[in-house]
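The following note is addressed to a colleague beginning the study of protein and DNA models. Please keep the structure in view while reading the numbered points.

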Number of protein chains: 2
Amino acid sequence: MPESLPSPGDSPSQVPPAVVSRLSLYLRELQHLLRNGQETTSSSDLGDRLGFSDAQVRKDLAYFGTFGHPGIGYRCDELVAAIKGILGTHQDWRIALVGVGNLGRALLGYRGFGNQGFRIAAAFDSDPAKVAQPIDDVPTYLLSDAPRIVAEKEIRLALIAVPAPFAQEVADLLVQAGVHGIVNFAPVTISVPKTVSIVEVDLAIELEQLTFAVVNKPKSG
Amino acid sequence: MPESLPSPGDSPSQVPPAVVSRLSLYLRELQHLLRNGQETTSSSDLGDRLGFSDAQVRKDLAYFGTFGHPGIGYRCDELVAAIKGILGTHQDWRIALVGVGNLGRALLGYRGFGNQGFRIAAAFDSDPAKVAQPIDDVPTYLLSDAPRIVAEKEIRLALIAVPAPFAQEVADLLVQAGVHGIVNFAPVTISVPKTVSIVEVDLAIELEQLTFAVVNKPKSG
DNA sequence: TAGATTGTTAATCGATTAACAATC
DNA sequence: TAGATTGTTAATCGATTAACAATC
């Protein structure tokens, strides 16, 4: 039987960042197994599916507690709940989206946040024409209303989908408004206070990782 | 004066993956410096801007050759050319996009590939209605035409932007058609032969990394 | 020249892997 | 019970940092 579920904030102060991203992969795979009716799994099964060793799966989880059953493995539903607790996604998170261009609209239309505990609760743009009406049921506002709306709706995360030259000022405004975490899609490094977390997603960089790998493959053309 | 430019494929067989992703960040920052008229930089300047140590910048570059000038630093244009050579983006890459939904259309409309050496040369979907006409000047085709079009246009990279349940079969088809590298936006782990490179981009996972960081911040609410 | 900065080696630090007693 | 599998410790491996001679 597992210990009491971990509550967010309990995590040991020094967990390697790589561990946290694997946790997300474990979660995704466990949810997949559950959908297929599989009730338990083991560190070697889970590792095999994702390309990690059984030892790594167990070590990663051990940073946060003991969630398995010796001789049995892990109950998928228990481990899902445990990992959600660790990642902080047992609660729902409201998100602000800034920038209602092509990418912004795609993010607004993306189903797939929902079942992971995320919801875009407001979208902002500085162009009045783009925020004239709700998009995919998400209310839209002028960027200048962000401080008020973020406070009212208790929004803590934001997605920045504006052109690169505006990303830093938008980030500053969001931080000012009380946002604690930002995913930045603009291809520029932005700086935020140490109290704010940031994740950068840059498509060109992902593609460069790919070309490097392709060009340096052992052999195949 | 730098050695001859590295040509793709020259890279030492064992370069840590983290080094390659920093290389992309160096490139992005160097291009930013160039646009601002800055002709040279140093490992400590570059490191400061991105949050790395000067030693790390120099060590990363040393995996691939010597590109700096002792006492002077690095000429931005030389280093840009060198890094593009390493990453393989000195040449242009043609890309296939599969899945013309919300995300697919956003990717088609994304300006920002272009100046990094990438171009979406064809878009595919299995719904005839979605591929009735070009989108943002990109020709669209039925997915079943992918093998022929990929060969004709000498496409080597692909973006998968289809719903999760279809991602694996689309990947299989693309590999069959001769694609060497895939960026997968579907929230599912897909497997490809060892000769094919893959990069996974999952928005929910990025957000989970963020909530973990937010929930575990030293202190701030 | 003196000051700045590289490329590289050696030392430190951190993460992964292997092994195994404890458990079901 | 015998077989399976965990959680954890110790050993290995790899990446980062610090230091410095060489260079401009």
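**Contacts with DNA and between the chains**

1. Of the atoms of DNA strand D that lie within 4 Å of the protein, 67% belong to sugar or phosphate, and the rest belong to bases. The model is predicted: local features need pLDDT of at least 70, side-chain atom pairs count only at pLDDT 80 or more, and totals for chains, interfaces and linings use all residues. Residues are numbered from 1 along each chain as its sequence is written, chains are lettered from A and ligands numbered from 1 in the order in which they are written, and side-chain values use heavy atoms, with hydrogens and water left out.

2. DNA strand D is surrounded by 22 residues, and the closest are Ser43(A), Arg58(A), Phe67(A), Gly68(A) and Tyr74(A). A residue is counted as near a strand if one of its heavy atoms lies within 4 Å of it. By class, this surface has seven nonpolar, 10 polar and five charged residues. Here Ala, Val, Leu, Ile, Met, Phe, Trp, Tyr, Cys and Pro count as nonpolar, Asp, Glu, Lys and Arg as charged, and the others, Gly among them, as polar.

3. Individual atoms of DNA strand D may be considered next. A backbone N or O atom of Gly68(A) lies 2.7 Å from a phosphate oxygen of this strand, and a polar side-chain atom of Arg22(B) lies 3.2 Å from a phosphate oxygen. Arg58(B) instead has a side-chain N or O atom 3.4 Å from a base nitrogen of DNA strand D.

4. Helix 3 (54-62) of chain A and helix 3 (54-62) of chain B each supply at least two residues of the surface near DNA strand D. The largest share, four residues, comes from helix 3 of chain B. Helices are DSSP runs (H or I, at least four residues), numbered from the N terminus.

5. Around DNA strand C there are 22 residues, of which Ser43(B), Arg58(B), Phe67(B), Gly68(B) and Tyr74(B) come nearest. For this strand, helix 3 of chain A gives the most to the nearby surface, with four residues. The side chain of Arg58(A) places an N or O atom 3.3 Å from a base nitrogen of DNA strand C. Phosphate oxygens of DNA strand C lie 3.2 Å from a side-chain N or O atom of Arg22(A) and 2.8 Å from a polar side-chain atom of Tyr74(B).

6. How can chain A be laid on chain B? A turn of 180 degrees with a shift of 0.0 Å along the axis achieves this with an RMSD of 0.0 Å (least squares on the C-alpha atoms of residues with pLDDT of at least 70 in both copies). The two copies are thus related as by a two-fold rotation axis. Within chain A, Ala106(A) comes closest to the rotation axis, its C-alpha being at 3.0 Å.

7. The contact between the chains (heavy atoms within 4.5 Å) takes 70 residues from chain A and 70 residues from chain B. Of the interface residues of chain A, 100% are also interface residues in chain B, so the copies meet through the same surface.

8. Two salt bridges are found across the interface of chain A and chain B (a side-chain nitrogen of Lys or Arg within 4 Å of a carboxyl oxygen of Asp or Glu). In a salt bridge, the side chains of Arg28(A) and Asp202(B) meet at 2.7 Å, N to O. Helix 8 (residues 203-215) of chain A gives the largest share of the side of chain A that touches chain B, 13 residues.

Key. A polar contact is a pair of N or O atoms within 3.5 Å; within protein, one must be able to donate a hydrogen and the other to accept it, and residues adjacent in sequence count only if both atoms are side-chain atoms.
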